[in-house]
Amino acid sequence: MVLEIAQVTVKPGMEAEFEAGVAKAAPVFKRAKGCTAMELQRSIEKPSRYRLFVTWETLENHTVDFRGSENFAEWRGLVGQYFAAPPEVEHTETVVTSG
């Protein structure tokens, strides 16, 4: 599994609209090849900053399958207008776990 972490800064005052757009986009992720989960978290200290966590079966499911699909265009159409700057995206994999 690969975890995509996207840090998104939203234009001030557009937080509610962005969150509504992400909620509408949930089905876009559910139907995307290799996507197993999606979660949006909002910073407490910086309310215009969010982190989008998306779990993919493989890196290519995000970078090739999703990014090259109509799902990606739909996602950006729902939320892109609220971005203050392009999202910063990275991918991680679990190397140690406890629990």
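## Salt bridges and fold: worked exercises

Glu74 counts as partly exposed, since its relative accessibility is 36%, a value that lies between the 20% limit for buried and the 50% limit for exposed residues. The model behind these exercises is a predicted one.

**Exercise 1.** Determine with which residue Arg31 forms a salt bridge, and where the two partners lie.

*Solution.* Step 1: the partner of Arg31 is Glu74, and the closest N and O atoms of the two are 2.4 Å apart, which is within the 4 Å cut-off for a salt bridge. Step 2: Arg31 belongs to the loop between H1 and E2, whereas Glu74 belongs to helix H3 (residues 70–79), so this pair ties together parts that are 43 residues apart in sequence. Step 3: for the accessibility of the partners, Arg31 is partly exposed at 47%, and Glu74 is partly exposed at 36%.

**Exercise 2.** Find which elements the salt bridge between Asp65 and Lys33 connects, and classify each of the two residues as buried, partly exposed or exposed.

*Solution.* Step 1: the side chains of Asp65 and Lys33 meet with an N to O distance of 3.8 Å, again within the 4 Å cut-off. Step 2: this pair links distant parts of the chain, with Asp65 in helix H2 (residues 59–66) and Lys33 in the loop between H1 and E2, 32 residues apart. Step 3: Asp65, at 28% relative accessibility, is partly exposed, while Lys33, at 57%, counts as exposed, because the exposed class begins over 50%.

**Exercise 3.** State how many salt bridges a search of the whole structure finds, and analyse the one formed by Arg42 and Glu19.

*Solution.* Step 1: the search finds three salt bridges. Step 2: in one of them the side chains of Arg42 and Glu19 come together at 3.2 Å, N to O. Step 3: Arg42 is part of strand E2 (residues 35–42) and Glu19 is part of helix H1 (residues 15–30), so the contact ties together parts that are 23 residues apart in sequence. Step 4: Arg42 is partly exposed with 40% relative accessibility, and Glu19 is likewise partly exposed with 31%.

**Exercise 4.** Work out what separates Glu17 and Asp65 in sequence and in space.

*Solution.* Step 1: Glu17 is located in helix H1 and is partly exposed, its relative accessible area being 35%. Step 2: from Glu17 to Asp65 there are 48 residues in sequence and 27 Å in space, C-alpha to C-alpha.

**Exercise 5.** Describe the order of the secondary structure elements, and then judge the dimensions of the chain against the globule rule.

*Solution.* Step 1: the chain contains three helices and four strands, which follow one another along the sequence in the pattern β-α-β-β-α-α-β. Step 2: the radius of gyration is 13 Å, close to the 13 Å that the globule rule gives for 99 residues, so the chain is as compact as a globular protein of that length. Step 3: along the principal axes, the C-alpha trace spans about 35 × 35 × 20 Å. Step 4: among contacts between residues at least 6 apart in sequence, 69% join residues at least 24 apart.

**Exercise 6.** Characterise the burial, the exposed area and the placement of charge in the chain.

*Solution.* Step 1: of the 99 residues, 32% are buried. Step 2: the chain exposes about 6100 Å², and carbon and sulfur atoms supply 52% of this area. Step 3: the chain carries 11 positive and 14 negative charges, whose mean positions are 5 Å apart.

Notes:
Residues numbered from 1 in each chain as written. Predicted model: local features only at pLDDT ≥ 70, side-chain atom pairs only at ≥ 80, totals over all residues. Heavy atoms only, no water. Buried < 20%, exposed > 50% of the residue type's maximum accessible area, 1.4 Å probe, protein only. Rg over C-alpha atoms; globule rule 2.2 N^0.38 Å. Contact = heavy atoms within 4.5 Å. Areas by Shrake-Rupley, 256 points an atom, 1.4 Å probe, with all protein chains shown as cover. Lys, Arg positive; Asp, Glu negative; His and termini not counted. Charge placed at Lys NZ, Arg CZ, Asp CG, Glu CD.
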